[in-house]
Amino acid sequence: MNSPENSTEIKSLYDYQERDLAAIFDRINNKPDDYNMVYQLPTGGGKTVVFSEIVRRYLEQKNKKVVILTHRIELCKQTSKMLKGFGVRNKVINSKVKDLNDQKDYDCFVAMVETLNNRIQDDKLLLEDIGLVIIDEAHYNSFRKLFKYFEHCFMLGVTATPLSSNFKLPMKDNYKELIVGDSISTLVEKGFLAQAVTHTYDVGLSGLTIGMNGDYTVKSSEALYTNATMQDKLLTSYNEICKGKKTLIFNNGIRTSLEVEDTFRRAGVEIRHLDNTNTKEERREILKWFKEKPDAVLTSVSILTTGFDEPSVECIVLNRATKSLTLYFQMIGRGSRIFENKKEFHIIDLGNNVARFGLWNEPIDWQQIFRTPDFYVENIVSDEEIERNFVYKMPDDVRAEFPNTTDFTFDIKGAYKRITKEGRKSKEVLDESIAQHVQWCVENSEDVFDARILARLLKDDIKDRVKRYAYCIINNTNNYKEWLEEDYYRRLRMGIQQAFAGIEA
């Protein structure tokens, strides 16, 4: 079964698409001519197919024309091609179009929002007899500037995520109603989307900062994701899960993507990098290579989140964190199309995004998000809360260095409750923890020098314990935790020295 968006030859709709189309035409026929509404359908569910059929039927039934607005040239071309497959005479209004002397020859116009806005403002273009305006990727706010030119038209916004890209400008202010299509899980069950297999890795995001747009800044993301630890984690996860599979890696910054390209090449993996600075020719050549090579790896920045459809992608790597629910679904959606024998795809999350938003196919109340977006945004799980639930697992190679130790557990929270209940000072929690680490190092060493070497291997375990202790005493600043870690390690070395001094005595 082919994905609903893979072909322009589709002339009939699937049952869920027909149901949604009937609901939309009910509003077109029974609501005022200037009614504004939104239609939601997951990426891969066939939004372009649905609104192309809407255009075809609208032109049959009404004595009016249609305008379709997009925010990217790629979407213009794809939409125009789809419309032609449905027999709709359409014209793309791009930067090359200076006037519309031939507009009587067309029933539908597909326009880039910025281009159309510039032409109208310069009085170089006047669209006549427009009755329906369809806004693709309606969650973007760039479209609002055009609403005033189509005040008497029926406005249909289409999106997979009816949550405004600007939280201060909610979609409910411009649209009166939301129609929700089938959920991701339903489309998976029906065989229209591939099943997702999700792999998550805990990543400390305390060094990231939030920018004016409400998402993590590129600068702070680059600092984290270009470091050796994160590059190693990315390469390891790729080798464990995606090796031999067509893989698409999303990054938040060009420097990160170039670093990923270099890391993979040094590891012998054939990989290409793509961002918005590549020329059209370069992009065409890279995407052709990606399409044709079965195990191709492509690392990218932003450019492939919309207007890109390669159903053969088997692995999606989120090598970034995001606060944007829309971006989260857009990135994963690039791998959700079914293709030939592909029934499932893999997601590697290296940004705690699954913990923040939930699994890709989990139920989500789009009506509530549409009506009360502020409530949704305010209740997104915080990074601090996510990291508080991290469970540290000592790597097998580290654990192997402590062959005489059988119990590697220490309950910081439990010890804190016990000690404070007994009226003792909270710092005694770390005293007990240090004593345990001293015991590990001593019982697995022949002398103080060996023990100190083992102590260095406990860096991540110490970091985790200090973090949990800081949560307990509600003092979670980075400076304080760094001081605690330094003091912990100093006291650990001292404890080892004293332990061996006692043994020798």
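This is a short walk through one protein, from its overall make-up to a few of its residues.

Okay, a bit of housekeeping. This is a predicted model, where local features need pLDDT of at least 70 and side-chain atom pairs count only at pLDDT 80 or more, while totals for chains, interfaces and linings use all residues. Residues are numbered from 1 along each chain as its sequence is written, and side-chain values use heavy atoms, with hydrogens and water left out.

So, the big picture. The C-alpha atoms fill a box of roughly 100 × 50 × 45 Å, taken along the principal axes. The secondary structure comes to 20 helices and 13 strands; here helices (H or I, at least four residues) and strands (E, at least two) are DSSP runs, numbered from the N terminus. Of the 505 residues, 53% count as buried. Buried means under 20% relative accessible area, exposed means over 50%, and partly exposed is in between, with a 1.4 Å probe and protein chains only.

Let's zoom in on strand β12, residues 315–318. What covers its two faces? Well, C315 and V317 on one side and I316 and L318 on the other are all buried. As for neighbours, β12 pairs with strand β9, residues 247–251, in the parallel sense over four bridges. Pairing means that DSSP finds at least two bridges between two strands. Strand β13, residues 344–349, also runs parallel to β12, joined to it by four bridges. Look at I316 in the middle of this story: L248 stands opposite I316, and I316 also stands opposite I347 in β13.

Now for charges. The structure holds 33 salt bridges, meaning a side-chain nitrogen of Lys or Arg within 4 Å of a carboxyl oxygen of Asp or Glu. Take K293 and E270, whose closest N and O atoms are 3.2 Å apart. K293 sits in the loop between α9 and β11, and E270 in the loop between α8 and β10, so this pair ties together parts that are 23 residues apart in sequence. E270 itself is partly exposed, at 44% relative accessible area.

Another one is R491 with D487, at 3.6 Å between the closest N and O atoms. How are these two placed in helix α20? They are four residues apart, so about one helical turn separates them. R491 is partly exposed at 25%, whereas D487 is buried at 14%. There's also a network: salt bridges that share partners join E18, E53, R56, R57 and E60.

On the surface, K77, K96, K280 and R284 form a positive patch. For patches, we take residues with over 30% relative accessible area and no salt bridge, joining like charges within 9 Å and nonpolar side chains (Val, Leu, Ile, Met, Phe, Trp, Tyr) within 5 Å. One of the patch members, K280, is in helix α9, residues 280–292, and counts as exposed at 63% relative accessibility.

Last stop, the loops. Which residues have a positive phi although they are not glycines? One is D129, at about 60°, in the loop between α4 and β5. Another is E137, at about 55°, found in the loop between β5 and β6. E137 is buried, with a relative accessible area of 12%.

And finally Y35, in the loop between α1 and β1, which is buried at 7%. Y35 and F264 are 229 residues apart in sequence and 52 Å apart in space, C-alpha to C-alpha.

How values were computed:
Accessible areas come from the Shrake-Rupley method with a 1.4 Å probe; for residues, only the protein chains shown count as cover. Lys and Arg count as positive and Asp and Glu as negative; His and the chain ends are not counted. The place of a charge is taken as NZ of Lys, CZ of Arg, CG of Asp or CD of Glu.
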